[in-house]
Amino acid sequence: MKKSLILGYGITGKSFVHYLTKKKLNFEIYDKNLIGKKFIAFPEYNNLKRYENIYVSPGFKLTDYLSEIEIRNLEFLTDLDIFFKQNKSYKIGVTGTNGKSSLAYYLEQILNQVSSGIIVGNFGNPVLDFLHHKKKYSIIELSSFQLEKLNKSFLDLSIVTNISPDHLDFHGNFDNYKKAKLKICNNKAKTYFANNDISLKEFAFEVASSLEKIDSKTLSSLNDLPHRLEEVVPGIINDSKSTNSASLLYAIKKLNFDGNLIICGDPAKEPKSFEILGPKQVYIFGKHRNELKDKIKCNRVKIFSNLDLVLHDIKQGDIKPNILFSPGNSSGEDFKNFEDRGNFFKDKVLKYFSD
């Protein structure tokens, strides 16, 4: 019996495992960080063609192993290819450099008040884990990694919040990144581009109103996404969802922020240095603090090894806290993900500023 091959063993890779196991199909897994019974060395190109199917995870960088010609001649499947074929819901794709998670979250809340919907995809719910859900709408948050490998889009409606440089370490340059993002558009689906003159909540209502009859007067208030401009205690904002400089600068501008800004994370994907204007003081902490210091242009910077030292320094100088935690980078070696660091930040804030 022929085997299938899974490339990458992250969240999506594990959902491939569950999917193939349920179907009682044989498979092998390649992940550069793992070895074991089902984990194999990366096959030679000619051997790849011996597999019945090749399932590729979003963050798996095929160009690290194969030439462009080999990739073009290789047949592979993504989780989205399977979802498009087997799930019967109305499919709404949401992408963008910033704001896609918040928009998807608002859209899900609105649609669930008048119909039924669920967020899947990059939001943290692998599409294969909800392959047979019965809700009317699938709101699929799509990253550039997912879209780059998408064979064909079968979305019924697509949404782009914005596109600015991000993940250039993976895509190579901004043109490739932009090209991947715009694969969300197809001839079948109507595409909405976010209007900067209205809020994401208003934009979500506009999109939802094109699908369902909605009375704004009876619509319940919408919750905000955790870790996105979330007030922990008065004067202290947790914006751990900020994973690039564009998101960080957006937060400063939106809040007209002039207090103590705290940043951290791995700046490897930032294409160039960027200037920070507004905050009276910028704090950098974590294992990537020295690389990060070289990426920002600001003459009001303090560097510490950990968050405790940062918060202690702020508390010594300010009776009333005015803090924005907007890392502006991926978690790198400091935290597991943005949720992990956001929760860590909130715990520390309650320790230092709860009285």
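Is Cys-298 buried, partly exposed or exposed? At 21% relative accessibility, Cys-298 counts as partly exposed; the cut-offs are under 20% relative accessible area for buried, over 50% for exposed and in between for partly exposed, with a 1.4 Å probe and protein chains only.

This is a predicted model, where local features need pLDDT of at least 70 and side-chain atom pairs count only at pLDDT 80 or more, while totals for chains, interfaces and linings use all residues. Residues are numbered from 1 along each chain as its sequence is written, and side-chain values use heavy atoms, with hydrogens and water left out.

**View 1. Cys-298 and the missing disulfides.** A disulfide here is a pair of cysteine sulfur atoms within 2.5 Å, and by that rule the count is zero. For Cys-298, the closest cysteine sulfur sits in Cys-264, 16 Å away, so that's too far for a bond. Cys-185 is another partly exposed cysteine, at 28% relative accessibility.

**View 2. The second largest pocket, with about 820 Å³ of space.** Of its 24 lining residues, the closest to the centre are Asn-162, Leu-200, Arg-228, Tyr-250 and Lys-254. On a 1 Å grid over the protein atoms alone, a pocket is an open set of points with protein on both sides within 12 Å along at least five of seven lines, a cavity is a set where a 1.4 Å probe fits but cannot get out, and lining residues have an atom within 4 Å of a point. Points are joined across faces, edges and corners, and a volume is the space filled by probe spheres set on them. H10 (245-255) gives the largest share of this lining, five residues. Helices are DSSP runs of H or I with at least four residues, strands are runs of E with at least two, and both are numbered from the N terminus.

**View 3. Two positive phi values in the loop between H9 and S9.** Neither residue is a glycine: His-227 has a phi of about 70°, and Leu-229 one of about 50°. His-227 is buried, at 5% relative accessibility, whereas Leu-229 is partly exposed at 22%.

**View 4. The largest cavity, about 40 Å³ in volume.** The structure holds one cavity of 30 Å³ or more. Its lining includes Val-56, Asp-79, Phe-145 and Lys-149. H6 (144-149) chips in with the largest share, three residues.
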